[in-house]
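Grab a pencil and try these exercises before you peek at the solutions. Each one has a task, then a walk through the steps.

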Amino acid sequence: MTTECLQVSDAALCRAASLLRAGEVVAFPTETVYGLGADAMKPQAVAKIFAAKERPADNPLIAHIADRAMLQGLVRAVPPDAERLMEAFWPGPLTLVLPKDARVPEIVSAGLDTVGVRMPSHPTALALIRAASCPVAAPSANRSGRPSPTRAAHVLEDMQGRIPLVLDGGPSGYGVESTVLDMAGAVPTVLRPGGVTVEMLQSVLPKVQVDGAVLQPLAEGAQAKSPGMKHRHYAPRAQVLVMRGAKDAVQKSIAAQYDEITHGGRRAAILCGAGTAGYGGRNVYALGQDTEAMAARLFDALRTLDAQGVDVILAEASEVSGMGLALMNRLLRAANFDVVDV
Ligand code: TXA
Ligand code: MG
């Protein structure tokens, strides 16, 4: 199969929507990361997503909708708390896990009794869902385990020859995936932090909690609340090591390790915020001034450093408030929780 890549236009949207209606998969931009979509109500179409991504069958997909009417047939009920969050944060980067309607194909929910639903705010994503007039099941459009794509070029890196079409809508705004909030249990629980921060959620629902697996590896034998938690994620080919502590100590330690690695003949890179003065002359990828800017570039950084053939990425830990929580969640997974306190 050859993969077409089209700039977003009315004609391109038409083509993408007709592919979706015909049971094919299409990659499209959202405000978080690029998604790989299929008609959520067609199991055979959804199966093509799992095949293209080589995604484990036990990892459920998010159903994307363009309006609240589309919740009919996806979820059994919308509890008042979920209603308030939809009111506050939809359309936007918030996925709500709710009790699923029996009509949702098993393959979408990976056999769970719940389904994740989200209304994206990206105009192209909304237009595509409307034109296809079906809920669109879509994971991030990367090969399973790889960093999520924040540009059409990233999608092509992973999906060339595997899917018929990529819609190119430019770089994603948030750069990390949506917040996944479990609304099916007694206490609303963040399973994956994202663009709608914990602080934002708590301003509407003070009882929102954060699952322990967000910043820690899943304990041996523990049951993952979100199947995605147990799979290796966001992993570049390079080894990633996260250094945590006071800024000066972290910079000294990273610089020393960098020199040791490069003197040993291997290639290293430093992933940091904005202050690069302590790293003079070394290979540095500065993510940005604040955690929003840093999150937006993290996945691009991991792919760029891979393309440079870097063996080891030495990364500064970030704070864990606001968008920092999503940033650290992705960074720790990219590092396979290889983190050193200095
Ligand atoms: O921003 C996003 O959410 C992007 C764009 C394309 O919308 N999509 C995305 O999908 O990141 P994916 O499949 O890469 O990540 C979905 C995460 C996985 O960790 C999955 O395990 C979890 O959400 N998830 C999905 N449905 C769930 C459910 N019913 N219960 C618990 N976790 C669920
Ligand atoms: Mg993903």
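**Exercise 1.** At roughly what angle do the axes of helix α1 (residues 10-21) and α5 cross, and within what distance do they come? Then work out how to describe the pair.

*Solution.* Keep in mind that you're looking at a predicted model.
- Step 1: the axes of α1 and α5 come within 8 Å and cross at roughly 50°.
- Step 2: roughly parallel would need an angle under 35 degrees, and roughly perpendicular would need 65 to 115. The two helices are therefore oblique to each other.
- Step 3: add the handedness, which is right-handed for α1 passing α5.
- Step 4: list who touches whom. α1 brings L13, A16, A17, L20 and R21, while α5 brings T124, A127, L128, A131 and A132.
- Step 5: sort these contact residues by type, and you get 8 nonpolar, 1 polar and 1 charged.

**Exercise 2.** Now take helix α9 (residues 291-307) and helix α10 (residues 324-334): at about what angle do they pack, and how far apart are their axes?

*Solution.*
- Step 1: the angle is about 25°, and the axes sit 9 Å apart.
- Step 2: angles under 35 degrees count as roughly parallel, so α9 is roughly parallel to α10.
- Step 3: the crossing of this pair is left-handed.
- Step 4: on the α9 side, the contact uses T291, M294, A295, L298, F299 and L302; on the α10 side, G324, L327, R330, L331 and A334.
- Step 5: sorted by type, the contact of α9 with α10 has 8 nonpolar residues, 2 polar and 1 charged.

**Exercise 3.** Which residues come nearest to ligand 1? Then look for polar side-chain atoms beside the ligand's oxygen and nitrogen atoms.

*Solution.*
- Step 1: there are 27 residues around ligand 1, and T32, R55, N59, H64 and S178 come nearest.
- Step 2: check H64, where an N or O atom of the side chain is 2.6 Å from an oxygen atom of the ligand.
- Step 3: go on to R118, which has a polar side-chain atom 3.0 Å from an oxygen atom of ligand 1.
- Step 4: finish with S226, whose polar side-chain atom lies 3.0 Å from a nitrogen atom of the ligand.

**Exercise 4.** Is the peptide bond from W90 to P91 cis or trans? While you're on the backbone, have a look at S133 too.

*Solution.*
- Step 1: omega is near -10°, and the W90 to P91 bond is cis.
- Step 2: place P91 in the chain, and you'll find it in the loop between α3 (80-89) and β5 (94-99).
- Step 3: turn to S133, which has a phi near 45°, a positive value in a residue other than glycine.
- Step 4: S133 belongs to the loop between α5 (123-132) and β7 (136-137).

Methods:
Residues numbered from 1 in each chain as written. Chains lettered and ligands numbered in written order. Predicted model: local features only at pLDDT ≥ 70, side-chain atom pairs only at ≥ 80, totals over all residues. Heavy atoms only, no water. Axes fitted to C-alpha atoms, helices over the stretch in contact; angles between N-to-C directions. Helix = DSSP H or I, 4+ residues; strand = E, 2+ residues; numbered from the N terminus. Parallel < 35°, antiparallel > 145°, perpendicular 65-115°, else oblique. Left-handed = near helix turned anticlockwise from the far one by under 90°. Contact = heavy atoms within 4.5 Å. Nonpolar A, V, L, I, M, F, W, Y, C, P; charged D, E, K, R; others polar. Near = heavy atom within 4 Å. Polar contact = N/O pair within 3.5 Å; in protein donor to acceptor, adjacent residues only side chain to side chain.
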